Amino acid sequence: MPRLPAALVLVALAEPLSAAPPDFDREVAPVLAARCLDCHSGPKPKGDLDLSRKAGVDPAEVWRRVEAGEMPPKKPLPAAEAKVLKAWVDGGAKWGTDPIDPFRFTTAARAGYDWWSLQPVKRPTPPPGRHPVDAFVLARLSDKGLSPSPPADRRALVRRVTFDLTGLPPAPEEVEAFVNDRAADAYEKVVDRLLASPHYGERWARHWLDVVRYGETDGFERNAPRPTAWHYRDWVIRALNADLPYDEFARLQLAGDVLRPDDPDAVKATGFLVTGVHNTVLGNDRMRAVARQDELEDIVGAVGQTFLGVTANCARCHDHKFDPVSQTDYYRLAAALSGVGFGERPLPDTKGGAEVVRLQKRLDEVARELDAVEGPARKAVLAEQGRNGVAPPSPVAAWDFRFGGDDLVGKLHAKPVGGAKFTPDGATLDGKTGLVRTPPLPFDLKAKTLEAWVRLDGLAQRGGGVITVQTPTGSEFDSVVYGEQEAGRWMAGSEFFRRTRSFAGPEETGKDFVHVAVTLAADGTVAAYRNGKPYGKGYAAKGPAAFAAGKAVVVFGCRHEPAGGNKMLAGTVSAARLYDTALSPEQVAAAFAAGPAVVSDAAVEAKLTPGERATRAALRKQRGELTTELDGLRQRASGKAYANVPQAPGVTRFLARGDIDQPGAAVAPGGLPAVRGTADFGLAPDAPDADRRRRLAGWVASPQNPLFARVMVNRVWHYHFGAGLVETPSDLGFNGGRPSHPELLDWLAAEFADRKFSLKALHRLVVTSATYRQASAPRKDALAVDADNRLLWRYRPHRLEGEAVRDAMLAVSGLLNPEVGGKGFSDYRERNFNGTAYFDPFDPVGPEFHRRSVYRFTPRGGNQGLLDAFDCPDPAAAAPRRAVTTTPLQALALWNNGFALRAADALAARVAKEADGVGNQVARAWRLAYGRDPTAAEAKLAADLVAAHGLKALARALFNSNEFVTVE
């Protein structure tokens, strides 16, 4: 049974004859609110008895039923509360505020308007003589008879702060530089360097993405991927690196498209509103209405918990049980967000269109100048080749990979990716990560012919693509595929085999280059050819895939992206061509007879004078630069991002018990009255979406809002110390934790605001404190008083989260790809069945898969392999605090996981390269992994291990150690 405040209990127990009757608002109303109003208030009170209003209440009858044990029906009223009620009745039952405001005062059962986190932030004066953070912490320690721990070892400190601010281990050279730098500001220089690193934004974006439940699929039954959701993730990284003031950071996520409609970054920021799950399986109108209410509850919860630490979503069906948020308040907030819509939207680009036209015009001029130089030489070469018979058809794109990736017809110049490279034989493909990709096609393509000369590395491979036209994500494609459905046979690949049938052709036996072609006619006829002759029998399909200009690319060596698995071809493609028509058998034969080369660069070069060669080289360089710039502009101009797609919000109505079949009065958009600031937005119930979210953003980030700064400084503290000053970072309400250092929390909040909401300034303030720089060793005296370290008598050691473990393994092994930003990588194979997307993990290899984990594709409900073992949360729900478990699976993953084995191999190779002799190699491995030298005993054990099993075994042992995955 919850207890009332001590003051109320004392009043209730005091029985002097002259005592005044209890104050209704302060003493009686809280009892009625806590014990009675859940049933006896609202539009349909039980027994038609509304105890929230004076009218119709017979106080004597109420007391009679309480005294008889009839009310409350399940548990009698506690004695102290019963005495208060009786004294009020005996004193004349004078009523106060009418109707009762159940939120007016905090009780033992719930928070009121006077709850600590809802009060204005007041800057307390820290005790003098120390760093302000340390002064507040020391005062609390002194109260408990405790003292802080001594400073941490310099090596431990630099490893700690580097992981905290960047999520990566310090390089051995950085550790030594700090250890040997005896300047008074040596540590501050390290902090400033880390805050200036682009990896700072990656580290702290990962924390933020946990809070906002960022995922790249819809969830629910269909779980469709969101190919452009990554724009929001990138925006968060850039915003943090640029130290965008936190108030602006918040406003843009709530209303960026309204506040800065011409700014593509502001539009990307609204991805916050739609990071959650989205149900695309909707039946009748009622089901759609229910799903929309569920969606709004999720959005309201995200906004309230992320920025305010308020679980406002708990008031959808009734007044909040524990915090001063009424059901009407919930619908006011839902109305402010009811124009939020899920989907892709074009990114604004006010200047890009004109620049594209200008660059394209210049590119066309360069192409004409280049043709004037090359044309005569090309014609001379063709004449010398003496081609006879039917003239070969004209492709829309052609590549001779023996001389590079240039498109010999247009501008689709191809580039190798992963384990692909250009050689004198052509584009060699490793069958694992290697592919060659073009920029987007500048023309529409429906009927088509795909043609290539290819040499397979082995005839037993199954499913690799030779040449493919696909959407950028690979969700729709046409491809020439080897051996996928039938071993050793060629087929026309397509998504879900929609245009795929067996040609019933012979098994491939060629060990040298063969010519393969697939034609897809406008009427759906599909045919295949090998070395200029029909391959098996053609068939009729449901028509070819139609690709719009700018919405398709050509890839070689991969059936369709994302790369990986049996989609990859092991072999060499010497040349390829793409046609925008289905060639006839005669045309295919002529194309084969003409051979793979259109005209080689070397042949053209030989026909030119020295002056023409110089002119040609300059023009080709200019063409490349213009093409790169134009591709970037076009991508931005035609770019889309998964973000808020505003919709007509309509009028929000109060729903009794949250039931869509019980609509009540219209509700105007607004904030929560319990939170100070202008909660009344002054808008009509039918106000447009832009006005609603503009006012919402202003209210949330208002200087008068006491929760806004408190919540964020507590989050930052949580990630630096392993626990917030309030242990529940997204709930500062009644069911959340209580601040361990309330004055410190308020001082930090005030300082944060005074420093113009600079997150980097806040980080610097926290990590330069002596409290943060303490040693982490346990002490018996302190453990006896404060086992959980809530008083901060030491730095709490903590295990790295899964992403940081993976990133550290990449960094230490030398495999880390430091590329910042852009579309991420996927280690899932997408599988679709009956309209539902499934994501099967696999273990890809290649530099593009060695990027920071923040760039990893994150589907909802997907097995995350190594990251799962280390408690990486599913993005279906917010994770303001990650679980930390210790299980045998973690050791097994670090010991046997394919990624871990490759990282260990790479670390062994790095150590062998960077140090000579076993002793030096062991020392180098220790410095890379731990930032320190091994002890004599460790060095001997390690040397014995290397002698018996090699450096790879040592690398595996280091990765599997507590010290590697723990920050002290």
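Let me start with Val-274, which sits in the loop between helix 12 (264-269) and helix 13 (285-308), where helices (H or I, at least four residues) and strands (E, at least two) are DSSP runs numbered from the N terminus. This is a predicted model, in which local features need pLDDT of at least 70 and side-chain atom pairs count only at pLDDT 80 or more, while totals for chains, interfaces and linings use all residues. Residues are numbered from 1 along each chain as its sequence is written, and side-chain values use heavy atoms, with hydrogens and water left out.

Val-274 is buried because its relative accessible area is 1%, buried meaning under 20%, exposed over 50% and partly exposed in between, with a 1.4 Å probe and protein chains only. Its C-alpha lies 9.7 Å from that of Asp-218, and the two are 56 residues apart in sequence.

Turning to helix 20 (residues 706-721), we find Phe-708 there, and this residue counts as buried because its relative accessibility is 1%. Between the C-alpha atoms of Phe-708 and Leu-308 the separation is 5.4 Å, although their positions lie 400 residues apart along the chain.

Next, strand 2 (residues 397-400) has Ala-397 and Trp-399 pointing one way and Ala-398 and Asp-400 the other, all of them buried. In a regular strand, side chains alternate between the two faces of the sheet. Strand 2 runs antiparallel to strand 16 (residues 570-579), joined by four bridges, where pairing requires at least two DSSP bridges, and Ala-397 stands opposite Leu-578.

Finally, Arg-657, in the loop between strand 18 (652-655) and strand 19 (663-667), counts as exposed because its relative accessibility is 65%.
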